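Me: I've got a model open here and want to go through the labels people put on it. Can you take my questions one at a time?

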Amino acid sequence: MMRGAYPYDPTMAYRPARTRPGPWTQHAKCVGSNPDLFYPGRGDNRTVHAAKTICHACPVRSECADHALTNGEKYGVWGGLSELDRRRVRGHKRWVA
Ligand code: SF4
């Protein structure tokens, strides 16, 4: 997702195919949303919360979160997980393994 592009396109068609999200994106609740909502600035917890609210009603939330964790997405809100949330999950997985 290019920051500032509008409307939000979760298929990220501009990306190389190997890192592009799968066909589940056609059911994404965030389609057409303002992309700035899903790529908030550092410390912008209000915007993170607004994005998470959309994610929590999304039917492909688990696929989205799995994609982000599998592909090491560093930026944005994916599957209801913020950048900090994903770092915590990755840290926990390393600790458990
Ligand atoms: S979980 Fe959130 S970011 Fe992922 S597709 Fe659904 S609405 Fe979009």
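**Labels and what backs them**

Reply: Sure, and a good place to start is α3: its face turned away from the buried side carries Ser62 and Thr70, both exposed. Keep in mind that this is a predicted model.

Me: Which residues of α3 are buried, then?

Reply: Cys64, His67 and Ala68. To be called buried, a residue needs 20 or more other C-beta atoms within 10 Å of its own, and these three residues of α3 are classed that way.

Me: What puts them on the same side of α3?

Reply: The arc. Cys64, His67 and Ala68 are the buried ones in α3. They cover an arc of only 95° around the axis, so they sit on the same side of α3.

Me: Why is cysteine 58 called partly exposed?

Reply: Count its neighbours: cysteine 58 has 19 other C-beta atoms within 10 Å. Buried starts at 20 and exposed means 12 or fewer, so with 19 cysteine 58 falls in between and is partly exposed.

Me: Where does cysteine 58 lie, and what does it touch beyond four places in sequence?

Reply: Cysteine 58 is in the loop between α2 and α3. Leaving out residues up to four places away, it touches Ala28 and Lys29. Alanine 28 is 30 residues away along the chain, yet the C-alpha atoms of the pair are separated by 6.3 Å.

Me: Which residues are closest to the ligand?

Reply: Ala28, Cys30, Cys55, Cys58 and Cys64, out of 15 that surround the ligand. Two helices, α2 (45-56) and α3 (61-70), each supply at least two residues of that shell.

Me: What makes up the shell around the ligand, by class?

Reply: There are 11 nonpolar residues, two polar and two charged. Cys counts as nonpolar here, in case you'd have filed it elsewhere.

Me: How many helices and strands are in the chain?

Reply: Four helices and zero strands, so the pattern along the sequence reads α-α-α-α, with only runs that pass as helices or strands being counted. Just after α3, glycine 72 takes a positive phi of about 65°.

Me: Where is confidence lowest and highest among the helices?

Reply: Helix α4 (residues 83-96) is lowest, at a mean of 85, and α2 is highest, at 97. The chain averages a pLDDT of 85, and 84% of the residues score at least 70.

Me: And what about residues 1-5?

Reply: pLDDT stays under 50 there, and the model has nine contacts beyond four places in sequence for residues 1-5.

Definitions and conventions
Residues are numbered from 1 along each chain as its sequence is written. This is a predicted model: local features need pLDDT of at least 70, side-chain atom pairs count only at pLDDT 80 or more; totals for chains, interfaces and linings use all residues. A residue is near a molecule or strand if its C-beta atom, placed from the backbone, lies within 6 Å of it. The arc is that of the directions from the helix axis to the C-beta atoms. pLDDT is the predictor's confidence in each residue, from 0 to 100. Two residues are in contact if their C-beta atoms, placed from the backbone, lie within 7 Å.
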